[in-house]
Amino acid sequence: MVYDLVVVGAGPGGSAVSKIAAEEGLKVIMIERGRYPGEKNTSGSTIWGNVAREIVPDFPADAPIERVVDGSRMYWVPEPGPNWAENSSASDDRSKVDPLNVYRNEFDKWWSEQAVKAGAELKTKTKAVNVIRDGTVIKGVITETGEKIEGKITIAADGVNSHIGRMAGLRSKWPAQEVALCVKYDWYFGDENIVTERWGSGIEDGVLIEIYWGATVAGEAGYFWIFPNRDSVSLGLGSLMSDYVIHKYNAHWYMWNAIEHPLVAPKLKGGKIREIHAHAIPLTDPNPNTGQINSSYGDGIMIVGDAAGMVCAIDGAGWYGAVKAGKIAAKVALKAIEEDDCSAKMLSKYEKKWSKGDVGKTLSIGKELETWLVRDMTINGLAKLMASSQGVNSMYHPMEIPISGQFENLEKLMAGVRPIRFAIRPFVELISQMIK
Ligand SMILES: Cc1cc2nc3c(=O)[nH]c(=O)nc-3n(C[C@H](O)[C@H](O)[C@H](O)COP(=O)(O)OP(=O)(O)OC[C@H]3O[C@@H](n4cnc5c(N)ncnc54)[C@H](O)[C@@H]3O)c2cc1C
């Protein structure tokens, strides 16, 4: 049997492609190495309802949602010095910014079921190890048992390491300075009231996610976060892989440093670790001309989500990139099958659409902000500035960028900052000294 679409990976991206394509009548198979979708997932928890509704119009329907997120609370905790500052922002229009916390292990299962309900076949416990190649054309995949699964179009939605994307020649391994390694602890209270008392904001009964910036808590290169779930919180921390080597970081050491920090410890009292995960996140330049990826399409193949580096580098959020690009890939696949033309030329429409739309804009700005913040200014430098200045009480969190239409403002800001980017660090040091 030859499928229209062979989708490798039933994560957010793979299931989004499959749902839309199956709904349009294509014969779709999803191949997932886990016993069920989500089993292998180590992600944090924030997803966006308004993006989910692009795939499942009546979302959240019966989806397993842990908490509604009302906004974020930022802590600026630089090193050295006792100063720290806090500022919170809550969204006032949930039609634009609709963040929700989920437990991905359960949520991914539900998300893939929507594709199955739409008619896609799901084959679990099956690992794709190679592509079926006919000259330059990819015609499906070969599993680890040697089974050949043929398709007119193959979608590599197999996550950050994307073996299938690499076997198809679309990308190579990301270099260590383009990938973050994140650790996540699920900190379990077993009591919903504790989470509500400590993180609830009182608006719409939702919670505030917390982000701690600055070397005192999270080391020079990263940040520490607390994402509230129903009766547990996700604690996370990440740094560029290359920084672990250069600075001899140990992520677990920093995690405990954060857990025991006086700003954090009281909130975690009474909880304990239920799960520990570690996983890589691509923080690469998404642009195929200048970045690490050769192309996001080829003859008979497209690459989606983390596999293609579609993660906002400034905050490591990749759920919406994978889902939105997945929807675009499904529409392009539909047209290609209808016109019986699955050539690279036809599938190049996928790259044009994602790179010129929300996904591409968010990724480019995210990468630019990350380069500016992490490499030029340093997170600790920004934390120092924020901690020493009074009255700084609003800052858009990048997760709001793709949905709240802040592109124009951010693009203007970045256009102003670009020429002086490299001079900004001493300038920040000077201002923070003056404010003290
Ligand atoms: C600690 C951490 C916290 C994060 N927090 C957030 C957050 O709060 N919000 C956010 O937006 N993003 C977050 N991210 C990023 C987010 O998890 C990813 O961007 C998102 O999951 C990408 O979806 P995807 O479908 O591209 O890939 P994945 O979610 O990685 O899914 C890939 C799927 O493919 C399967 N697979 C892989 N290889 C094969 C193979 N060879 N054969 C068959 N199946 C295969 C895997 O088992 C998996 O199910 C976080 C990441 C980490 C590591």
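**A cavity and a ligand between two domains**

Reader: Which residues line the largest cavity in this model?
Author: This is a predicted model. One cavity of 30 Å³ or more is counted in it. The lining of the largest cavity is made of Asn-41, Ser-43, Tyr-103, Arg-104, Asn-105, Lys-184, Glu-275 and His-277.

Reader: Which elements give two or more residues to that lining?
Author: Take the helices and strands in turn. Two elements reach the mark of two or more lining residues. They are α3 (104-117) and β15 (272-282).

Reader: How much space lies in the largest cavity?
Author: The lining residues divide into one nonpolar, four polar and three charged. The space they enclose has a computed volume. The value is about 40 Å³.

Reader: Where does the largest cavity lie with respect to the domains?
Author: Look at who supplies the lining. Domain 1 (2-63 + 103-173 + 291-356) gives residues, and domain 2 (71-93 + 177-282) gives residues too. The cavity therefore lies between domain 1 and domain 2.

Reader: Which residues are the closest to the ligand?
Author: The ligand has 36 residues around it. They divide into 14 nonpolar, 15 polar and seven charged. The closest are Glu-32, Gly-44, Thr-46, Arg-104 and Asp-306.

Reader: How far is a polar side-chain atom of Glu-32 from an oxygen atom of the ligand?
Author: Start with two backbone contacts. A backbone N or O atom of Gly-13 lies 2.9 Å from a ligand oxygen. For Trp-319, a backbone N or O atom is also 2.9 Å from an oxygen atom of the ligand. Glu-32 uses a polar side-chain atom instead, and its distance to a ligand oxygen is 2.6 Å.

Reader: What share of the ligand's exposed area does the protein bury?
Author: First take the ligand alone. It then exposes 1000 Å². With the protein in place, the buried share is 94%.

Reader: Why does the ligand shell lie between the two domains?
Author: Several elements supply at least two shell residues each: α1 (12-23), β3 (46-48), β13 (223-228), β15 and α10 (319-338). Now turn to the domains. The shell lies between them because residues come from both domain 1 and domain 2.

Reader: Which peptide bond is cis, with omega near 10 degrees?
Author: Go to the loop between α2 (49-52) and β4 (65-76), where Pro-60 is found. Ala-61 is in the loop between α2 and β4 as well. Phi of Ala-61 is near 40 degrees, a positive value in a residue other than glycine. The cis bond runs from Phe-59 to Pro-60.

Conventions: Residues numbered from 1 in each chain as written. Predicted model: local features only at pLDDT ≥ 70, side-chain atom pairs only at ≥ 80, totals over all residues. Heavy atoms only, no water. 1 Å grid on protein atoms, 1.4 Å probe; cavity = no way out; pocket = protein on both sides within 12 Å on 5 of 7 lines; lining within 4 Å. Points joined across faces, edges and corners; volume = space filled by probe spheres on them. Helix = DSSP H or I, 4+ residues; strand = E, 2+ residues; numbered from the N terminus. Nonpolar A, V, L, I, M, F, W, Y, C, P; charged D, E, K, R; others polar. Domains from an automatic or database assignment. Near = heavy atom within 4 Å. Polar contact = N/O pair within 3.5 Å; in protein donor to acceptor, adjacent residues only side chain to side chain. Areas by Shrake-Rupley, 256 points an atom, 1.4 Å probe, with all protein chains shown as cover.
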